[in-house]
Structures are given as structure tokens and as C-alpha cells.
Amino acid sequence: MAAVAKSRVAIYPGSFDPITNGHLDLIRRAAPQFEELVVAVLQHDTKDADFPLRERLEMIRKSVDGLANVRVDSFDGLLVDFARQQNASLIVRGIRAVSDYEYELQMALMNRKLAPGVETVFMLPGEAYGYLSSRLVKEVCQHGGEIDDFVPAHVAEALRARRDRKG
Ligand code: PNS
């Protein structure tokens with residue numbers, strides 16, 4: 001009997017508020033491993049995210065321009081429902097340090113309970129990005145620190161514009 005080819009669509013979900021070079025590094029590592037990688041941006045209420053969904057999507061799309069098998073989309077509600085809609089059987093998450101593991105393990109096990117056919121794959125970002133997070137980059141920017149090593153140029157610009165607007 002001929003083997004049935006499995007769908008190799010993977011979802012890389014997150015808040016991406018905003019996308020950092022750490023996220024991008026992971027996207028670049030993950031994309032070649034799958035037929036398609038869908039970067040899935042959690043919609044959030046505008047009050048929860050610093051950047052509105054439209055801006056977060058724009059920033060990611062500009063950052064992944066040229067990566068042929070990467071698609072950027074948004075979702076609301078359960079991640080596993082979005083994965084099913086996309087015919088994806090894999091969720092990709094990055095683990096930077098042991099401290100990420102507990103939260104990631106909990107999420108992965110909950111998602112597997114909710115959708116037994118959907119597996120989570122953990123990947124390691126490059127060592128240079130082990131300390132990077134959207135939250136810290138925003139904090140550094142807010143206090144006038146240098147952020148150009150942490151995010152793509154257009155994201156750094158957006159962060160500085162947001163800081164200057166807020167005063
Ligand atoms: O980048 P983040 O903020 O750590 O990403 C968290 C995210 C978006 C992956 C997670 O909050 C999520 O999947 N939210 C959707 C709601 C959901 O499915 N919750 C149950 C997962 S245990």
C-alpha cells in the first residue's frame with residue numbers, strides 16, 4: 001500500500017508584540033524543516049498588546065519577506081482550533097532557557113489533550129538570542145536604550161515612534 005504523505009504544515013504562534021531578531025532566527029531555522037510555516041499572531045484585545053494586530057502583522061510580513069514557504073496570519077480563540085483549520089499537525093515553539101520550559105510544557109500538554117493529533121515541536125534559537133524578549137526590548141527602548149541589535153530596523157523605528165508618542 002502506498003504511504004500517505006502527511007501534511008507538513010507547522011504553526012509558529014505567538015503575540016509578536018513586536019517581532020524580535022530571536023523570533024526571526026527561529027522562523028529561519030524552522031521554515032526549511034516544513035512544507036509551510038504559518039506564523040500565527042494572537043489577536044488579543046488591543047488593551048493587552050502594545051502594538052495593534054495590523055501593525056504586528058505588517059512588521060512580521062516585512063521581516064519575513066523573501067522566505068518563500070512562510071505565511072503570516074492571525075488567530076483568535078484556541079490555537080489548536082486554528083491549527084486544525086490550517087490542516088497543521090505541528091506547533092513550533094522556541095525555548096530560550098530552562099525558565100521557559102515549565103510554561104511551554106504546560107501549554108504543549110494542554111494543547112495535546114485538546115487536540116491529540118497536534119504535536120508541539122520545541123526548537124532552540126541561536127545562543128545570541130537567548131536573553132531576548134519583546135517585553136525587554138520595549139523596556140530598553142522606553143528608557144532610551146539602544147535596540148538596533150535586537151529587532152529589524154523597521155521594528156526599531158516603530159518602537160521609537162511609539163516611545164516618542166507616549167512621551
Ligand atoms: O508569544 P507568547 O505570548 O508566549 O504566545 C502565547 C500563545 C499565543 C502561543 C498562547 O497564549 C496561545 O496559544 N493562546 C491562544 C489561546 C489558547 O489556545 N490557549 C490554550 C493554550 S494552552
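These are my notebook entries on a ligand site and some backbone details in a predicted model.

**Entry 1: ground rules**

I am working with a predicted model, where local features need pLDDT of at least 70, side-chain atom pairs count only at pLDDT 80 or more, and totals for chains, interfaces and linings use all residues. Residues are numbered from 1 along each chain as its sequence is written, and side-chain values use heavy atoms, with hydrogens and water left out.

**Entry 2: around the ligand**

I started with the ligand and asked which residues surround it. I found Gly14, Ser15, Leu42, Phe75, Gly77, Leu78, Leu79, Arg93, Tyr103, Met107, Met110 and Asn111. My cut-off here is that a residue is near a molecule or strand if one of its heavy atoms lies within 4 Å of it.

Next I sorted this shell by residue type and got seven nonpolar, four polar and one charged. For this sorting, Ala, Val, Leu, Ile, Met, Phe, Trp, Tyr, Cys and Pro count as nonpolar, Asp, Glu, Lys and Arg as charged, and the others, Gly among them, as polar.

Which helix gives the most to the shell? I noted helix α4, residues 98-114, with four residues. Helices (H or I, at least four residues) and strands (E, at least two) are DSSP runs, numbered from the N terminus.

**Entry 3: polar atoms at the ligand**

I then looked for polar contacts, meaning a pair of N or O atoms within 3.5 Å; within protein, one must be able to donate a hydrogen and the other to accept it, and residues adjacent in sequence count only if both atoms are side-chain atoms. Ser15 places a polar side-chain atom 2.6 Å from a ligand oxygen. Leu79 takes part through its backbone, with an N or O atom 2.8 Å from an oxygen of the ligand. For Arg93, I read 3.0 Å between a polar side-chain atom and a ligand oxygen.

On its own the ligand has 550 Å² of accessible area, and the protein covers 74% of that. These areas come from the Shrake-Rupley method with a 1.4 Å probe; for residues, only the protein chains shown count as cover.

**Entry 4: the loop between β1 and α1**

I moved on to the loop between β1 (9-14) and α1 (21-30), where Pro18 has its place. Phe16 is in this loop, and Asp17 is there too.

Which peptide bond is cis here? I found the one from Asp17 to Pro18, with omega near 5 degrees. Phe16 also caught my eye, with a positive phi near 50 degrees in a residue other than glycine. I wrote both down because most residues other than glycine have a negative phi, and most peptide bonds are trans.

Is Phe16 buried or exposed? I have Phe16 as buried, because its relative accessible area is 3%; buried means under 20% relative accessible area, exposed over 50%, and partly exposed in between (1.4 Å probe, protein chains only). Asp17 is buried as well, at 7%. A polar side-chain atom of Asp17 lies 2.8 Å from the backbone nitrogen of Phe51.

I also checked Asp17 against Arg135: they are 118 residues apart in sequence, with 7.9 Å between their C-alpha atoms. Arg135 belongs to helix α5, residues 134-142, and is exposed at 56% relative accessible area.

**Entry 5: another positive phi**

Asn87 has a positive phi too, near 60 degrees. I located Asn87 in the loop between α3 (79-85) and β4 (90-94). With a relative accessible area of 53%, Asn87 is exposed.

**Entry 6: a few C-alpha pairs**

I closed with pairs of residues, comparing sequence separation with distance in space. Tyr12, in strand β1, is buried at 6% relative accessible area. Tyr12 and Ala83 are 71 residues apart along the chain, and their C-alpha atoms are separated by 9.9 Å.

Asp73 sits in strand β3, residues 70-75, and counts as partly exposed at 23% relative accessibility. From Asp73 to Ile95 I count 22 residues in sequence and 22 Å in space, C-alpha to C-alpha.

Leu105 lies in helix α4 and is partly exposed, with a relative accessible area of 32%. The C-alpha atoms of Leu105 and Thr120 are 9.3 Å apart, with the two residues 15 apart along the chain.
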